[in-house]
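Subject: Structure for you to look at

Hi,

Here is the structure I promised to pass on. Could you open it up and have a look while you read the notes below?

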Amino acid sequence: MTEMMRAVEITKPGGPDVLQLAKRPVPQPGHGEVVIKVAYAGVNRPDALQRAGAYDPPKGASDLPGLEASGEVAAVGAGVTGVAAGDQVCALLPGGGYAEYVATPAAHCLPVPAGLDLKQAACLPETFFTVWSNVFSRGGLKAGERFLVHGGSSGIGTTAIQLAREFGARVFATAGSDEKCQACLDLGAERAINYRDEDFVQVLRDEGGADLVLDMVGGDYIPRNVKAMAEDGRLVQIAFLQGPKVELNFALMMVKRLTLTGSTLRPQSDLAKARIAQDLREAVWPLIAAGKVAPVMDSEFALEEAAAAHARMESSGHIGKIVLKVG
């Protein structure tokens with residue numbers, strides 16, 4: 001490996017234009033870590049929050065943005081088993097993906113699924129770790145249940161629709177245009193609700209209520225979700241695009257015996273993330289290899305075009321995942 005690499009820095013908190021190309025030392029693998037020569041890096045909402053100064057990296061993590069990447073293992077630290085130099089992998093990262101090399105725990109690496117290229121593989125970790133841990137582990141989604149996912153055309157949404165469909169749930173999704181709603185239907189949603197024209201609360205109530213809701217909108221969606229839920233329903237909150245504070249009548253929670261929960265992925269322990277990786281390897285990677293589930297791709301930008309990639313994401317015009325071509 002060379003000593004220096006190209007990387008995209010956050011020069012100060014602000015809009016997409018604060019992302020600038022820079023030179024950084026190539027990271028070295030610590031105990032239990034590998035260094036990946038990055039081919040592609042996924043672009044995600046938490047990257048934009050970090051860029052804006054609203055989402056600090058965990059202690060010890062790189063200050064560079066980027067929570068997922070694909071590429072070739074370039075170096076292996078002490079104590080690593082199951083991953084070797086030269087392996088092609090995709091990985092969940094603590095940060096640092098917007099660079100030519102990145103260090104991450106070896107246990108957070110997964111093989112590139114059969115039939116996928118490195119570009120597609122870079123889109124898997126952040127969304128699949130998030131969806132699996134929140135929809136299935138935390139939310140307990142079961143076959144036959146009614147599942148409502150907001151932001152159905154996002155990276156999280158397109159992943160959640162496909163996985164819920166494969167595990168036998170009835171899927172309902174919200175999106176903001178007819179084109180995005182059609183994308184949700186094409187992926188297996190039973191019903192796609194254009195939130196500009198229809199009230200998702202009424203749609204779900206007419207169906208008997210949502211057994212599970214996955215929400216990243218927050219704000220006034222929270223009390224509306226509660227109204228849309230079936231008895232013994234679960235709400236899993238994973239982000240707050242419209243804010244985390246709201247007035248809520250908790251009497252409905254008691255009457256309907258609801259569970260309100262949520263999580264963020266990045267601050268969880270290395271062990272917790274390793275367990276999610278193992279679950280994905282066993283339960284989901286075979287579905288990807290069989291062609292039953294696949295990442296939905298929106299657009300590709302060069303590493304030096306990271307600002308344009310962020311602008312694309314924040315325009316909310318995208319359907320599926322945005323990636324940076326690094327290698």
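What follows is a run through the core, the helix packing, the cysteines and a few loop residues.

Before anything else, keep in mind that this is a predicted model.

**The core**

Start on the inside. The largest nonpolar core has 53 residues, and the members that touch the most others are Phe147, Leu214 and Leu280. Helix α3, residues 125-138, is the biggest contributor to this core, with six residues. There is also another core, apart from that one, with 27 residues; Val38, Cys109, Ala309 and Met313 are among them. None of that should raise eyebrows, since nonpolar side chains tend to be buried together in soluble globular proteins.

Phe147 is a good place to centre your view. Ignoring neighbours within four places in sequence, phenylalanine 147 is in contact with Val135 and Leu141, with Ala160, Ala164 and Ala169, with Arg170, Val171 and Phe172, and with Leu212 and Leu214.

**How α3 packs**

Next, follow α3 outwards to its helix partners. One of these is α4 (residues 155-166): the two axes are 9 Å apart and the packing angle is about 55°. An angle like that makes α3 and α4 oblique to each other. As for the hand, the crossing of α3 past α4 is right-handed. On the α3 side the contact is made by Thr127, Phe128, Thr130, Val131 and Phe136, while α4 brings Gly155, Ile156, Thr159, Ala160, Leu163 and Ala164.

Then there is α9 (residues 270-283), whose axis comes within 10 Å of that of α3, with a crossing at roughly 85°. So here the two helices, α3 and α9, are roughly perpendicular. The α3 residues making this contact are Phe128, Phe129, Trp132, Ser133 and Ser137, and they meet Lys273, Ile276, Ala277, Asp279, Leu280 and Ala283 of α9. You'll notice Phe128 in the α4 contact and again in the α9 contact. Leu280 also turns up twice, in the α9 contact and among the core members that touch the most others.

While you are on α4, take a look at arginine 165, which lies in that helix. With a relative accessibility of 28%, arginine 165 counts as partly exposed. Leaving out neighbours within four places in sequence, arginine 165 has contacts with Val171, Leu187, Gly188, Lys292 and Val293. Val171 is also on the contact list of phenylalanine 147.

**Cysteines**

How many disulfides does the structure hold? Zero. Cysteine 90 is in none, and the nearest cysteine sulfur, belonging to cysteine 109, is 8.2 Å away. Cysteine 90 is buried as well, at a relative accessible area of 1%.

Why is there no bond between cysteine 184 and cysteine 181? The closest cysteine sulfur to that of cysteine 184 is the one in cysteine 181, and at 6.0 Å the distance is too far for a bond; the cut-off is 2.5 Å. Cysteine 184 is buried too, with 0% relative accessibility.

**Loops and backbone**

Now for the loop between β4 (68-76) and β5 (88-92), where you will find glycine 82. Glycine 86 has its place in the loop between β4 and β5 too. Is glycine 82 buried or exposed? Glycine 82 is exposed, at 81% relative accessibility, whereas glycine 86 is partly exposed, at 39%. Setting aside neighbours within four places in sequence, glycine 86 is in contact with Glu72 and Val73.

Two residues are worth a check on the backbone, because most residues other than glycine have a negative phi. Arginine 257 is not a glycine, yet its phi is positive, near 55°. You'll find arginine 257 in the loop between α8 (251-256) and β13 (259-262), and at 43% relative accessibility it is partly exposed.

The other is serine 316, again not a glycine, with a positive phi of about 60°. Serine 316 sits in the loop between α11 (306-314) and β15 (321-325). The relative accessible area of serine 316 is 33%, so serine 316 is partly exposed.

That's the tour. Have a look and write back with whatever you think.

Cheers

Terms used
Residues numbered from 1 in each chain as written. Predicted model: local features only at pLDDT ≥ 70, side-chain atom pairs only at ≥ 80, totals over all residues. Heavy atoms only, no water. Buried < 20%, exposed > 50% of the residue type's maximum accessible area, 1.4 Å probe, protein only. Core = buried A, V, L, I, M, F, W, Y, C linked by side-chain atoms within 4.5 Å. Helix = DSSP H or I, 4+ residues; strand = E, 2+ residues; numbered from the N terminus. Contact = heavy atoms within 4.5 Å. Axes fitted to C-alpha atoms, helices over the stretch in contact; angles between N-to-C directions. Parallel < 35°, antiparallel > 145°, perpendicular 65-115°, else oblique. Left-handed = near helix turned anticlockwise from the far one by under 90°.
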